[in-house]
Each structure stands twice: as C-alpha cells, then as structure tokens.
Amino acid sequence: MPSQTDVVTFVNRYRILLLLALVFLFMALFAPRFLNMFNMTIIMKSASLNAMAAIGFTIVLICGHLDLSVSSTISLGAVLVIGFRPDLGWSGAIVAAVAAGGVVGLVNGLLVAKARIHSFIVTIGTLTIVQGIIYVYTGGAALNVTGALDFALADFLEDPILLFFPPRVIITILVIVGFEVFFLRTKPGRNFYMVGGNRETAWLAGVKADAYVIWAFIISGCAAALSGALFAIGISSATTDLGVNSLMIIVAATIIGGASMNGGKGQVLYSGIAVLMLTVLFNGLNRFGVGSEFRILASGVILASVVLYEAYSNYKKERIRGQRPELLKELDPQQLKNVASSLKTRKLQE
Amino acid sequence: MSEDRTLRQNRFSVLISVLGIYFLAAILLIVGVMVSERFLSAANMLSVVGGVTILGLVAVGAAFVTYSGHFADLSIPTTMAFSGVMAVEALQFGIVAAIFTGLLVGLLIGLINGFVIGKFRANPIVWTLAMAFVTRGLMRWIWSNRQIYPEVEGAATGAGQHFVNLYRYHLLGVIPMTVVVLAAFAIGLHFVMKQSSFGRQLQITGASFEAARLSGINVSRNVGLAFLICAMTAAVAGIFLTSLSRVGAYYMGEGYDFAAVTAVVIGGVTLAGGRGSIVGVIGGVLVIGLMRNVMTLMGIDTFAQTIVTGAVFILAVGIQSNSLRRLGRDDA
C-alpha cells in the first residue's frame, strides 16, 4: 500500500506527463473535432517550433543562467534560411542559419562566462541587438520563397509520413531525444547539471565550468536557429517577428516541465512535453471556439499554479528547517513548556 | 610597473563607481553638441525629458525590486495597461474615481506579487511572468480585445477630457505636470530608499537575504513592499500613458519592463541587489532619452538604433560590474 508521501513523490516526478494526459483526456472527451488525424498533425507541427527551441533554454537554465535571446534567434534562423536560399541552396542555407545562431550563442556565452556579466543583462541586450540585425537585413518586411521548385522540401517536411508525424516533427523528436540521452547518460552531458547545481563541486571535480556555460549558450543558439529555420522552410516564408511569442511559452513550459531558475534541475524531454501540453491546451481551447485571450489566461493560470505550488512546498520545508521533528515528538508537551519557560527566565536574569 | 598599471585601473574604476552613469550622460551631451547645434536648445532638451518621463516613473519604482535583489518585475507592462483600462472604465464616475481605480489596480497586483514572492519566495521572474499572462488574458477576455476610449467613456460627465489632459497639463504653462510628478516620486522614493528604516533594511535584504533574515529583519514584508512600490509607480505611469495615447488597451506599456530594467541597471542598481540609488536611476533614464535623441539627430534609423542600444546596455553594465569587482566591492 503506497503511503501519502509516495503518491506526492510520484506526482511531483511525473507531473508533466500527468498534466499532458489530463489535458489531452479532457480535450478528447469534450472538445469538438479534436480527436482526429488531421488535428493531431496540426498539434505536432505547431508544438515542434517551440519544443526544439526549448532544448536550449532548458540547458542554459540547467547551467544556472537565462537565455532570453531565444525568441529573436528563432526569427534570425527563419529569416536567414529563406534569405540565403537563392545563393546557397537549402542545405547551405540551413547550415548558415544554424551557424549564425551558434555565433549568437557564442557571444552570449563569452560575455556571461568570460566577461562575467549577468546572463539576464547579456541576453536582454542580444535579444534587442539580434532583432535589430533582423530588421536591418530584411528592411522590416517578411521574406518569401520564390520559384516553384523550392516548395518541394516544404512539402516533404510538412506531409505526415507515419501516422501524424511529418518529417519536421520527427526531426524535432530525434533532436530532443538525442540531447536527452546526451545530457543524462554521458559524462560531459551530466557535467552540465553539476555546473548549474553546485559550482564548487564542479570545480573540485576539475570540470571547466566556463566551457560548459559557453557550450550551453551555443547549443541554445543553434537549437533556436534550427527550429526557426525548419519552421520557415515548412511555411515557405519568414516574418521578422516569428519568435516573439515563443519566449513566454518556452519559459512557461520549461518551468512547468520541472526546471528550476536556480539551476541544476530540469530535463530537455520534459520541457518538450510541457510545450506539447500547452499546445494541446491551446488547440483544444481553439476547438471550443474561444479566442487567443483565453489561451493566454489558461497558460498563465497553469504557470502561476505550478510556481505557487512549488514555492509553497518549499516554504513549508523552510519553516521546519533547523528543527528536528522526530526529537520534538519524543518530548511530551509539558516538558517542552518547562524548557521554554526556563530559557525565558534565564534570558531575563541575564 | 605592474603596480602602476593596477593603480591607474583602480583610479578609472573609482571614477566609474562614483560618477557612474552621469559620466556617460556627459559624453552623450558632448556628442550631441558636436552633432547638431539645435541639440542644446530648450525645446530639444524638453523633448528629451518629456520622452522619458513615463519610463522614469516606471524605473524609480522598478529600482526597488532590483535593489531588493529580485531582478525585475515582468508584470510591469500589464500592470500599466490594466490600471489604464480600469481608469478609463471608471471615468463615468468622474476623474477622481478613475485615478483612484487605476491606483487600486496597482495596489492589488503589487500586493499579490509582494505576498507570493516575499512570503513564499517564488522566483520573481517566473512569478511576475505568470502574473503578466493572467492579467493580460483577463483584460483581453473581459474587454474582448477591444480598445476603450476615455473621451467616449467619460463623455457624460466631461471627465474624459480631463483624463486626456492629465498628460498634457503644464504647470505655470511651461513645466509638464508629468515631469513634476516624476520629480516628486523620485525625491520621495530617494528618501525612502536612503533615509527610512525600510530602505536600510531593504539594502541589507538585497545584499544578503539570509543575513538579513537571520538578523531579525522582516524580509518578507520588505520584499513585498518593494514589489508594491514597483506596481504603484507602474500604475501611475499606466494612467499617464493611457492619457497620452487617448486609448485604453491590453497592449499598452509593452516593452516597458525591459526598458525599465535597462534604465535601472545602467543607472547603477546592480542585479546582485543592495547597491545603487534613485539618483543613478534617473541618470539612467536620462541617458536612454539622450541616446535616442542623439541617434535620431545623427540620422540613424530606428532599426539600427535598437542594435546600438543593446550594445551600449551590455557594455555599460559590463564596465560597471567589472570596475566594482576590481575595487573588490562586488563578487557578482
């Protein structure tokens, strides 16, 4: 028979999976025209943009830093891949876009790890800088794919090849699972957790913390640019503000997925599932015919409840810090009172 | 030889830490004079100040959040919008009721933020982000994405015109009332931060939360009050912004959160907490205004301006935190 604490631990550990199941079940039962192949494909497609970008945000958060520049890096990847296509071809353009994202990440990483500027500051700065570069590059207008042949890749990426999984979604899942295995099962991957969780231990273990922080930012930049690039190829066009709404969703999903702002906690896979959960929620609400305002409210309420729940359980833990409940239980209440009053009188005498 | 070098570096560091942001403001003034002779005219200076008064109001309040070691309040934009919309909605009961309602919204959001972050120690960035989601969703839901107009809502009582004039009112015909309100807030909050016992306790709380808690300071109350002050000035700024744009809508105030952080941090309030002053924050706000003005006079287009602003932001904070570290005054 599982005890109460077992249940709490189980819920805490698989919170995001339970939430996804709950939301999905509710929508499947009540939302009209929700449960069909076509709609599942839509959900997977719209989730994959933010899910891949969430990889980077999560790994930077695990290292104990923030990367607010993901939203403009997504737009950068999208704009560059469409812009470079005529000169470099698709493969060259994708490589160039991802490399540009990597450069943004490298700059972030160097400023944070070497120049020792707070990541919150650095990435707000690069957020505006990259957005400015995008505007200068495009002149503020959306870029579109021209030429009939160029839609072949888009068609391939967006058409389901297996159930409701188009290649773009499969690529996203593969990348996420790849990083999940890397971060959890390999030595360098696990070092990322050590750098964020306990810097001193990392130092004692001879882990070069700076290098890991820089790599985390590079991964973040590359992942964001790649997700933006694939999305842009899929819809054959890139707007300058493609990633603007992504930041809020990615932050919310990463936190709901169990990562902590203090670092050392979180999983790439869970962040991806949290993005999927939010997408299912948005899509289902859409089927009910409510507007985007309700989606924002719903995601806000979910994020607020998760944060409040975590903060409150921490608060309860903090309150008994330094006490030893198992010892206090052994003493009888009368004895405790005597101890307290004798302490008081001693203080008064002093 | 090497000693000489460290000494010189230290002198530069001392200069930066003392003069801080006004050093940058002076450089911008010199650049401005070189760029255009119209720069120093009274009209241009007034437009520099007028362009950043709302940002200034937001920043002097947001400074308390950063000062307390809690980074930033990302619910500033929605607080501004919400107080503006509610004020417009209450215009049918008169101008006083409208302003009062707007401030009440700020009070409410500030209390919720302060309670959850101060008492339960929720992460400030994530919590205020959630708060921003919730208030924005509520606003768009209740008013179904519509904009509301003060001149329409307050037409019956004639309060609408008064509301629109709030931003445009000039004392003695020359000094904008917003500047006077900003000055009053800045001076008042300066004394709260530097002279009151709350301010001193907040400084210790910001510098080291645990040390403050263990020395018997009511940290929950102090942090809560910091978020309350922030939300209140955001509400005042929101009322002015709504009055300026003659429309109340959910998207008002967008971008003011990061802009306020920029002003606060280049103004010398470090993210580590417990350091900085309102005088510096006002300097930071002025630098932002001067920078925009100088760049516009130089003919740099708005797209390129965002690049320069971002670079200056990182550079200014980088130099400042580096010089503090060199002086051994900060480990952040």
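Student: Among contacts in chain A between residues at least 6 apart in sequence, what share joins residues at least 24 apart?

Tutor: The general idea is to ask how far along the chain two touching residues lie from each other. In chain A of this predicted model, 76% of the contacts between residues at least 6 apart in sequence join residues at least 24 apart.

Student: Which helices and strands should I look for in chain A, and how many are there?

Tutor: Chain A has 15 helices and 2 strands. For the overall extent, picture a box along the principal axes: the C-alpha atoms of chain A fill roughly 90 × 55 × 35 Å.

Student: How do I read burial, and what part of chain A is buried?

Tutor: Look at relative accessible area: a residue under 20% counts as buried. Of the 350 residues in chain A, 50% are buried. The accessible surface of the chain is about 17100 Å², and carbon and sulfur atoms own 66% of that surface.

Student: Now the two chains together. How many residues of chain A are in contact with chain B?

Tutor: Start with the residues on each side, then turn to area. Here 43 residues of chain A contact 41 residues of chain B. The area buried between chain A and chain B is about 3600 Å², with 82% of it from carbon and sulfur atoms. A:Phe120, A:Ile121 and A:Glu293 supply 16% of what chain A buries against chain B, more than any other three residues.

Student: Which elements of chain A give two or more residues to that side?

Tutor: They are α5 (119-138), α11 (246-256) and α13 (292-319) of chain A. With 15 residues, α13(A) gives the most. Sorted by class, the side of chain A that touches chain B has 30 nonpolar, 10 polar and 3 charged residues.

Student: How many salt bridges lie between chain A and chain B?

Tutor: The count between these chains is 0. Polar contacts are another thing to check, and across this interface 0 residue pairs are found in polar contact, with both residues required to have pLDDT 80 or more.

Student: How many salt bridges are there over all chains, then?

Tutor: The whole structure has 7. A good one to find is the pair A:Asp210 and A:Arg116, whose side chains meet at 3.5 Å, N to O. This pair links distant parts of the chain, 94 residues apart: A:Asp210 is in helix α10 (residues 209-235), and A:Arg116 is in the loop between α4 (70-113) and α5 of chain A.

Student: Are A:Asp210 and A:Arg116 buried or partly exposed?

Tutor: A:Asp210 counts as buried because its relative accessibility is 18% and the cut-off is under 20%. A:Arg116, at 36%, is partly exposed.

Student: Which salt bridge joins A:Asp210 to A:Arg199, and what distance does it have?

Tutor: Their side chains also meet at 3.5 Å, N to O. A:Asp210 lies in helix α10 and A:Arg199 in helix α9 (residues 199-204) of chain A, so this pair ties together parts 11 residues apart in sequence. A:Arg199 is partly exposed, with a relative accessible area of 40%.

Student: Where in chain B can I see a salt bridge?

Tutor: Try B:Glu254 and B:Arg136, whose closest N and O atoms are 3.4 Å apart. B:Glu254 sits in the loop between α13 (219-245) and α14 (256-266) of chain B, while B:Arg136 is in helix α7 (residues 124-142), 118 residues apart. B:Arg136 counts as buried, at 17% relative accessibility.

Student: Which residues do shared salt-bridge partners join into one network?

Tutor: The network holds A:Lys114, A:Arg116, A:Arg199 and A:Asp210.

Technical notes:
Residues numbered from 1 in each chain as written. Chains lettered and ligands numbered in written order. Predicted model: local features only at pLDDT ≥ 70, side-chain atom pairs only at ≥ 80, totals over all residues. Heavy atoms only, no water. Contact = heavy atoms within 4.5 Å. Buried area = accessible area lost by both parts, 1.4 Å probe. Salt bridge = Lys/Arg side-chain N within 4 Å of Asp/Glu carboxyl O. Polar contact = N/O pair within 3.5 Å; in protein donor to acceptor, adjacent residues only side chain to side chain. Helix = DSSP H or I, 4+ residues; strand = E, 2+ residues; numbered from the N terminus. Nonpolar A, V, L, I, M, F, W, Y, C, P; charged D, E, K, R; others polar. Buried < 20%, exposed > 50% of the residue type's maximum accessible area, 1.4 Å probe, protein only. Areas by Shrake-Rupley, 256 points an atom, 1.4 Å probe, with all protein chains shown as cover.
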